[in-house]
Amino acid sequence: MASTHNDFSGGERRIAARRAVNFGTAWSDGRRARHGEVLDTSAYGLFLKPGWAPSESFLRGDAIELRCRIDDHDIDLHGEVCWVGHSADHDVDGIGLRIYNTDALSRLVGEMRPL
């Protein structure tokens with residue numbers, strides 16, 4: 001099922017299957033530090049539910065850095081905003097991110113327990 005959102009990307013662009021997850025993350029766009037939840041991942045991206053309503057302006061391509069804690073260690077992810085809006089899959093507003101360091105994303109997902 002594709003997400004509906006205020007489209008920066010022209011429609012669903014994930015080419016890999018999504019995996020439902022739910023974990024907290026600290027993240028920053030270089031201007032502000034925030035917390036949020038990651039609700040799904042794929043091989044190249046993730047869906048971030050910010051800890052606030054995403055009414056603040058984000059532009060396609062804005063850089064985002066996330067720090068995710070799994071067990072007793074942190075995994076840092078670096079990516080960019082692909083879209084901001086409502087996800088029909090999760091029934092919440094959030095941010096779709098493309099992750100650059102996919103090896104770290106794979107390690108993060110591999111270390112998580114299934115939901």
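Salt bridges first. In this predicted model, a search of the whole structure turns up nine of them. Why do such pairs form at all? Side chains of opposite charge can pair when their charged atoms come close.

Let's take one. Asp-89 pairs with Arg-18. Their closest N and O atoms are 2.7 Å apart. Now look at where the two partners sit. Asp-89 is in the loop between strand E5 (73–87) and strand E6 (92–99). Arg-18 is in the segment before strand E1 (19–28). So this salt bridge ties together parts that are 71 residues apart in sequence. Buried or exposed? Asp-89 is partly exposed, because its relative accessible area is 29%. Arg-18 is partly exposed too, with a relative accessibility of 29%.

Next pair: Arg-32 and Asp-29. They form a salt bridge, with the closest N and O atoms 2.8 Å apart. Find Arg-32 in the structure. Its relative accessibility is 16%, so Arg-32 counts as buried, the cut-off being under 20%. Asp-29 is buried as well, at 11%.

Third pair: Arg-67 and Asp-76. Their side chains meet in a salt bridge, at 2.6 Å from N to O. Arg-67 has a relative accessible area of 43%, so Arg-67 is partly exposed. Asp-76 is partly exposed at 31%. Which residues are linked with them in a network of salt bridges? Arg-69 and Asp-74. That makes a network of Arg-67, Arg-69, Asp-74 and Asp-76.

On to the overall layout. The protein has one helix and six strands. What order do they come in, from the N terminus on? The run is β-β-β-β-β-β-α. So much for the order; now the contacts. Take those with a separation of 6 or more. Residues 24 or more positions apart account for 55% of them.

What about burial across the protein? There are 115 residues, and buried ones make up 43%. The protein exposes about 6200 Å². Carbon and sulfur atoms supply 49% of that area.

Now the aromatic rings. How many aromatic pairs does the search find? Two, in the whole structure. One of them is Trp-27 with Phe-58. The ring centres are 6.1 Å apart. The planes sit at 45°, so the pair is tilted. Trp-27 lies in strand E1. Phe-58 lies in the loop between strand E3 (45–50) and strand E4 (63–70). The pair therefore ties together parts that are 31 residues apart in sequence. Trp-27 is buried, at 2% relative accessible area. Phe-58 is buried too, at 5%.

Cysteines next. How many disulfides does the search find? Zero, in the whole structure. Take Cys-68 and Cys-82. Cys-68 has 0% relative accessibility, so Cys-68 counts as buried. Cys-82 counts as buried at 11%.

One last stop: Ser-87. This residue lies in strand E5. Its relative accessible area is 0%, so Ser-87 is buried. What does its side chain approach? A polar atom of the Ser-87 side chain lies 3.2 Å from the backbone nitrogen of His-90.

A quick recap. Asp-89 and Arg-18 tie together parts 71 residues apart in sequence. Trp-27 and Phe-58 tie together parts 31 residues apart. Please trace both pairs on the structure.

Key. Residues are numbered from 1 along each chain as its sequence is written. This is a predicted model: local features need pLDDT of at least 70, side-chain atom pairs count only at pLDDT 80 or more; totals for chains, interfaces and linings use all residues. Side-chain values use heavy atoms; hydrogens and water are left out. A disulfide is a pair of cysteine sulfur atoms within 2.5 Å. Buried means under 20% relative accessible area, exposed over 50%, partly exposed in between (1.4 Å probe, protein chains only). A salt bridge is a side-chain nitrogen of Lys or Arg within 4 Å of a carboxyl oxygen of Asp or Glu. Helices (H or I, at least four residues) and strands (E, at least two) are DSSP runs, numbered from the N terminus. Contact means heavy atoms within 4.5 Å. Accessible areas come from the Shrake-Rupley method with a 1.4 Å probe; for residues, only the protein chains shown count as cover. A polar contact is a pair of N or O atoms within 3.5 Å; within protein, one must be able to donate a hydrogen and the other to accept it, and residues adjacent in sequence count only if both atoms are side-chain atoms. Rings of Phe, Tyr and Trp (its six-membered ring) pair if their centres lie within 6.5 Å; planes under 30 degrees apart count as stacked, over 60 as edge-to-face and the rest as tilted.
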